[in-house]
Amino acid sequence: MTSTDRRTLGIALVGHAFMGRAHSHAWRSVDAFFDLPWRPVPVALAGRDAGKAATAAGRLGWASSVDDWRKLLDRDDVDLIDICTPGDSHAEIAIAALDAGKHVLCEKPMANTVAEAEAMAAAAEQAAVRGVRSMVGFSYRRVPALALARNLVAQGRIGAIRHVRAVYLQDWLADPGAPLSWRLDRRRAGSGALGDIGAHIIDATQFVTGEAVTGVSALLDTFVTERPLPDGPGHGAVTVDDAALFLGRLSGGGLASFEASRVATGRKNALRLELNGTHGSLAFDLEAMNELWFHDHTEGPQTAGFRRILVTEPEHPYTGAWWPAGHGLGYDHAFTNEVADLVIAIAAGKDPSPSFADGLAVQRVLDAVEVSAADAGRWTAIAGAQP
Ligand code: SOE
């Protein structure tokens, strides 16, 4: 299909830091690698500082820039608003965008509170009736090895899930001299390691198992309580957790453990998931993201054992759009795979996933973790999760 044959989908981005750059890269490259029914066009970038927004738009490939996201709402050339701001503005932007008839992609965690997430999920449900779609950016669902893990679980290859061990470890805050930023401010980020990276392992667990986390018992800790101010002398208070550790129960009856830390020295982006089922096990590590380890327990003991699947074959999820077998994908490809799925769903008139309802489900777990940790790890059920 040539570009002129296809309907276009005007994309606007709000925010241009880490996630804004990742999403820009995805929107710029997606049409070159996937056969999309509609052609996404990066039309505008919004950022509060007009000068910085204009510079970012030029560098990241956006045709124009504005200094206020509200200016995107009545633009006819904008069909979708992609929210890459800190969590404290997600609800306001997403609800306004959906009300204005714009499809929405919103970064995770979807909101800073359950109340905000509920309002967003309700707005998304109403918008869907009008054909306006929404998706939350749990990008790791689009890592081929994790998507394959979900398929194998759904096919029953590891049987009923007994255990999930989910960790997400980073070390960029191990140095007490690392400066304060919005990610360390509860008002902006909602929580710390918990919402930033713990949200990913909660979603990955629910996605891969197809089950819900129904209750938790949790600990949270902040090891470095003051950090240097970024712009000038002195220190300021850290108001979020450095690490979260919690036990969970799954709706299928299995046991789960979760650990999220940004002070785990030596671990850079180690999202690890191990599942043990009645017929076998799966293991994944984002630091070796093209591999999935599979143990088939139905095999005889002479040959059974963990084997490495190099998830780069054209038959694997997403990989056929990219490079020849064995050449591998990276962190950024998950975002491109994500926006490809979003465009395909919008063009097909279908609700993409993860939905805002999925984002709300994760938010409820995050909230239960905080409630439990504030009460010495008391067992806390997740409202609405199937027991
Ligand atoms: C984005 O998906 C994200 O969660 C970031 O917000 C985290 O900070 C990053 O380290 C992992 O990816």
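Two strands pair if DSSP finds at least two bridges between them; strands (E, at least two residues) and helices (H or I, at least four) are DSSP runs numbered from the N terminus. The model here is predicted: local features need pLDDT of at least 70, side-chain atom pairs count only at pLDDT 80 or more, and totals for chains, interfaces and linings use all residues. Residues are numbered from 1 along each chain as its sequence is written, and side-chain values use heavy atoms, with hydrogens and water left out.

**Exercise 1.** Find the residue that stands opposite Ser 281 in S15.

*Solution.*
- Start with the strands: S14 (residues 280-285) and S15 (residues 291-296) pair in the antiparallel sense over 4 bridges.
- Then read across: His 295 stands opposite Ser 281.
- Now zoom out: the open, mixed sheet has 9 strands, ordered S16-S15-S14-S13-S7-S12-S11-S8-S17.
- Finish at the edges: S16 and S17 (380-381) each pair on one side only.

**Exercise 2.** Decide whether Thr 319 is buried or exposed, and describe its surroundings.

*Solution.*
- Locate Thr 319 in the loop between strand S16 (307-310) and helix H8 (331-348).
- Check accessibility: Thr 319 counts as buried because its relative accessibility is 4% (buried is under 20%, exposed over 50%, partly exposed in between, with a 1.4 Å probe and protein chains only).
- List contacts (heavy atoms within 4.5 Å): leaving out residues up to four places away in sequence, Thr 319 touches Pro 144, Val 311, Thr 312, Glu 313, Pro 314 and Leu 329.
- Look for a polar partner: a polar side-chain atom of Thr 319 lies 2.5 Å from the backbone oxygen of Glu 313.

Terms used: Polar contact = N/O pair within 3.5 Å; in protein donor to acceptor, adjacent residues only side chain to side chain.
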